[in-house]
Amino acid sequence: MSIVELKITLEYIEAAVMRTLQVPVDIRLDRLHLTIQAAMGWTNSHLYMFEAGGSTWRLPDPDFGGDDLPANKTTLAEVIEDTGARTINYLYDFGDSWDHTIKIGRISDPVPGELYPRLTNIAGRCPPEDVGGAPGYEEFLEAMSDPKHPEHTDLKTWYSSDFDPNVPDSDELRLDVLKLAKRWKPKKKRIT
């Protein structure tokens, strides 16, 4: 098993939201989606799609159709090999259009005793779900930071706490990724 480093940036928002992950290069895209959800702080409440080299991958949807390839049957290694991509686009929530850029980093051997996927670097807090994409998030930040803003009270009630875009819930995000790593840990073969 080889490990690849991924640098993920949520595009079109301020303050920057970035994550660095180490994942098995043979991770399936549906599992990579769940890993990104955990690392970013999303709630996995919406559809998603990966795009590289003119091809797209997502979970099959008989109602939506299309030429998308199956995310649950494609590995990251296959995407890299088939497209030659060093950058992959990950779109989450087709309504809010949260666009993420995934930069493929170095590939290395796993560190003995480490579990993968692994969240190694965190910057910025992810926007709340269903805030209205980048424009809605900008309005949300304005209203949350200004007690005199006409939407301040309603948004504070909706979000149910203060929001600092520069301070991520790092411990919670790392724990959520670790839970996935434990769940997907390869089973040891039993000798009989």
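Helices and strands are runs assigned by DSSP, with at least four residues for a helix and at least two for a strand. By that rule, this predicted model has five helices and eight strands. Along the sequence they follow the pattern β-β-α-β-β-β-α-β-β-β-α-α-α.

**Overall form.** The C-alpha atoms fill a box of roughly 65 × 40 × 30 Å along the principal axes. The radius of gyration is 18 Å; this agrees with a compact globule of 192 residues, which would have one near 16 Å. Of the 192 residues, 41% count as buried.

**Unusual backbone.** Most residues other than glycine have a negative phi, and most peptide bonds are trans. The table lists some exceptions.

| Place | Feature | Angle |
|---|---|---|
| Glu-14 to Ala-15 | cis peptide bond | omega about -10° |
| Tyr-116 to Pro-117 | cis peptide bond | omega near 10° |
| Asp-93 | positive phi | phi near 70° |
| Ser-97 | positive phi | phi about 55° |

Ala-15 sits in the loop between strands E1 (3-10) and E2 (17-24). Pro-117 is in the loop between E7 (98-108) and E8 (118-123). Asp-93 lies in the loop between E6 (87-92) and E7. Ser-97 is also placed between E6 and E7. Asp-93 is buried because its relative accessible area is 5%, under the 20% cut-off. Ser-97 is partly exposed, at 38%.

**A charged surface.** Glu-138, Glu-139, Glu-142, Asp-146, Glu-151 and Asp-154 form a negative surface patch. Helix H3 (residues 133-145) gives the most to this patch, three residues. Asp-154 belongs to helix H4 (residues 152-159). Its relative accessibility is 52%, so Asp-154 counts as exposed.

Note on methods
Residues are numbered from 1 along each chain as its sequence is written. This is a predicted model: local features need pLDDT of at least 70, side-chain atom pairs count only at pLDDT 80 or more; totals for chains, interfaces and linings use all residues. Side-chain values use heavy atoms; hydrogens and water are left out. Patches are made of residues with over 30% relative accessible area and no salt bridge: like charges are joined within 9 Å, nonpolar side chains (Val, Leu, Ile, Met, Phe, Trp, Tyr) within 5 Å. Accessible areas come from the Shrake-Rupley method with a 1.4 Å probe; for residues, only the protein chains shown count as cover. A salt bridge is a side-chain nitrogen of Lys or Arg within 4 Å of a carboxyl oxygen of Asp or Glu. Lys and Arg count as positive and Asp and Glu as negative; His and the chain ends are not counted. The place of a charge is taken as NZ of Lys, CZ of Arg, CG of Asp or CD of Glu. Buried means under 20% relative accessible area, exposed over 50%, partly exposed in between (1.4 Å probe, protein chains only). The radius of gyration is taken over C-alpha atoms; the globule rule is 2.2 Å times the number of residues to the power 0.38.
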